[in-house]
Structure formats: C-alpha cells, structure tokens
Amino acid sequence: MPEWLNALPKAELHLHLEGSLEPELLFALAERNQIALPWADVETLRAAYAFNNLQEFLDLYYAGANVLRTEQDFYDLTWAYLQRCKAQNVIHVEPFFDPQTHTDRGIPFEVVLRGIQQALLDGEKQLGISHGLILSFLRHLPEEEAFKTLEQAMPFRDAFIGVGLDSSEKGFPPRLFERVFAKARSEGLHAVAHAGEEGPPEYIWEALDLLKIKRIDHGVRAIEDERLMQRIIDEQIPLTVCPLSNIKLCVFEHMGQHNILEMLERGVKVTVNSDDPAYFGGYVGENFAALHEHLGMTEAQAKRLAQNSLDARLA
Ligand SMILES: Nc1ncnc2[nH]cnc12
Ligand SMILES: [Zn+2]
C-alpha cells in the first residue's frame, strides 16, 4: 500500500467485529475453548473463503463466530481489530456487533458486550482510537427477536450510539423492522441499516423513510434510481461502501466496475470501509489501495473519501 494512503487519517464506519475474526485467531480460540472445527487447518479455512453471494458468506461467518464464547474472546477479537486500525491510521471506529449471533447460542448479552467494550476503552486509552458501538439486528430473524435484543441492551444503553440492520438482505426489507427502529430512536439511539447491497433501491427508500436512518450501509444499488440519487446527494446522506466486500460477494464482477468513484464525482458522500476484513481480503487500507490500483483513484479523491468518513461519524 502506498505510504501516502496509509498515512491519511480515516474513520471506519462499516465493520462487523465478527467479520474481523482472522483464521489464526479462530483456530486459537477453538483450541482455548476446546471446540472441534470442521476445517483441518488455517489454510483449509482460508481456501473456503470463495463466495458467490451474500448468503454463502453469511453461512461461514456464523459458523466461524461459534468459537467466540468468553468475555476474553470478545476482548481479543476487538483488540486485534483495533491494532490493525492503528497500523493504518484509522483514528475513529463505529463497529457493528450482532448480539443475536451469540445470545442464540446461549452466550449472555453482557459477556459479549463487556469484552467488546473493555477493548474499545483500552483502544481509546492506549491507541488513541475513538469509537461508537452499533448494535445490529439480524434481519433474517423476526422483529420480535430484535425487540428482545433491544430490551437486553437497555441496561447498557450508554455503551451504544445506535442500532443497525444486517444479515440476509433479499426478502427481508427494512419495513419489517419499522417498529423496533422507532423504539430504538425513542431511546436516543441513531439508526443505520444495510440497504442496496444485494437488495433493490426500494429497500434504500424504506430504510430512509421508515427506519429514518442517518447512514446507508453499502447503498451501491442507489445508482439504479435517479430520484434516489438526487435525494442522497441533496441531503448528503453518507454511504458506507465496502469495495473488496462487493467483489468477494459478486455485487460487481471486478473492481474496475465498481461505482464508488462515479458516486464520489457526482457528489454522493461515499466512504471506504472493510465490512468483514478477515473474509474479504483486507482492512480499510487495502480497500483504499484496491481503488487506487484498479480504478485509478487519485490522491485528491482519497483525501475526499477519508474526509467524508470523518464527517459522517455519529460519535
Ligand atoms: N456484508 C454484509 N451484509 C449483510 N450482513 C452482514 N453481516 C456481516 N457482513 C454483512
Ligand atoms: Zn456489512
């Protein structure tokens, strides 16, 4: 990665902590927790990271998360991510975590939260990285389950800045979560949602109008709807775009086709993020580097993208 890219101060606004679980740590945690794995070794697991769509990735991502059991596991996961951030001049993070992935396996909510929170606090003190944590609901589960998760989170209200919506997009439109998002907003939480990754532009409209989101996670399919593009530009609604993720999940065939710079030049407030770096081949820095290499991103464009990420912070 060019040094000038690494040196740019940036924020990461779209990162799933569970998606930062590198195969080496996954194997170490499996051993520590005495969990048998279906993969022979780290290389075999890494070789399985070939996906045709979002669902194929999610199946492996949820399987991998099974090694996360103790507060220390969640601490180690988060701490490893923050060290990557430090090395790439990421000075602020607003990561997601998926409580239901863990509570549905019998891991208490507070075990997950305490581990993540302690690492974020240490990251602030020891690495100088500020943060705002986002609790994400799994959209393939019913809204009722999201309500239960929000209820479990309320004793720890101050640990979060907002709620998000992730997992399988197609067939699970934002409108299904209108009431739980209203409840979260009434508690003073910000709202964000994955929309327009694999799903159609209509899902972005719903996320804006019904969930009243402050940022769109992905949103690359907005470009198919001119009226939506105009609104996003007029209202300067940030998009947290994840280029390497989009290639790995076949949203675009190759990086040369990605629309992030076209959006940037049209005045969309796009940002660069890694989504699930352990699975998609790189952290924020590698995402910037891929745009430079395959789309000819200039230094001036990189600076605008980095500034956008700092401007689009919610914390
Ligand atoms: N890219 C993505 N889209 C939807 N849900 C996710 N969970 C983790 N990564 C995701
Ligand atoms: Zn995501």
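In this predicted model, Lys 10 stands opposite Val 90, a residue of strand S2. That pair opens a briefing on three topics: a small set of paired strands, two helices that cross, and a residue that carries an annotation from UniProt.

**The sheet**
- Strand S1 and strand S2, the latter covering residues 90-93, run parallel and are joined by three bridges.
- These two strands belong to an open sheet of three strands, which has the order S1-S2-S4 and parallel pairing.
- Strand S1 (10-12) and strand S4 (130-131) stand at the edges, where each has a single partner strand, and therefore one side of each is left without a neighbour in the sheet.

**The crossing helices**
- Helix H5, made of residues 71-87, and helix H7, made of residues 109-127, have axes that come within 7 Å and cross at roughly 35°, and the crossing is right-handed.
- Among the residues that make this contact are Phe 74, Tyr 75 and Trp 79 of H5, together with Val 111, Ile 116 and Leu 120 of H7.
- Sorted by class, the contact of H5 with H7 has ten nonpolar, six polar and four charged residues.

**The annotated residue**
- The UniProt record, an unreviewed entry, places the feature "binding site" at Asp 276, which is found in the loop between strand S10 (270-272) and helix H14 (277-280).
- Asp 276 has a relative accessible area of 2%, and because buried means under 20%, Asp 276 counts as buried.
- When its neighbours within four places in sequence are left aside, Asp 276 is in contact with His 16, Gly 19, Phe 57 and Tyr 61.

Notes
Residues are numbered from 1 along each chain as its sequence is written. Chains are lettered from A and ligands numbered from 1 in the order in which they are written. This is a predicted model: local features need pLDDT of at least 70, side-chain atom pairs count only at pLDDT 80 or more; totals for chains, interfaces and linings use all residues. Side-chain values use heavy atoms; hydrogens and water are left out. Axes are lines fitted to C-alpha atoms, for helices over the stretch in contact, and angles run from 0 to 180 degrees between N-to-C directions. Helices (H or I, at least four residues) and strands (E, at least two) are DSSP runs, numbered from the N terminus. A crossing is left-handed if the near helix is turned anticlockwise from the far one by less than a right angle, and right-handed if clockwise. Contact means heavy atoms within 4.5 Å. Ala, Val, Leu, Ile, Met, Phe, Trp, Tyr, Cys and Pro count as nonpolar, Asp, Glu, Lys and Arg as charged, and the others, Gly among them, as polar. Two strands pair if DSSP finds at least two bridges between them. UniProt positions are given in the numbering used here, feature names are shortened, and annotations may be inferred rather than shown by experiment. Buried means under 20% relative accessible area, exposed over 50%, partly exposed in between (1.4 Å probe, protein chains only).
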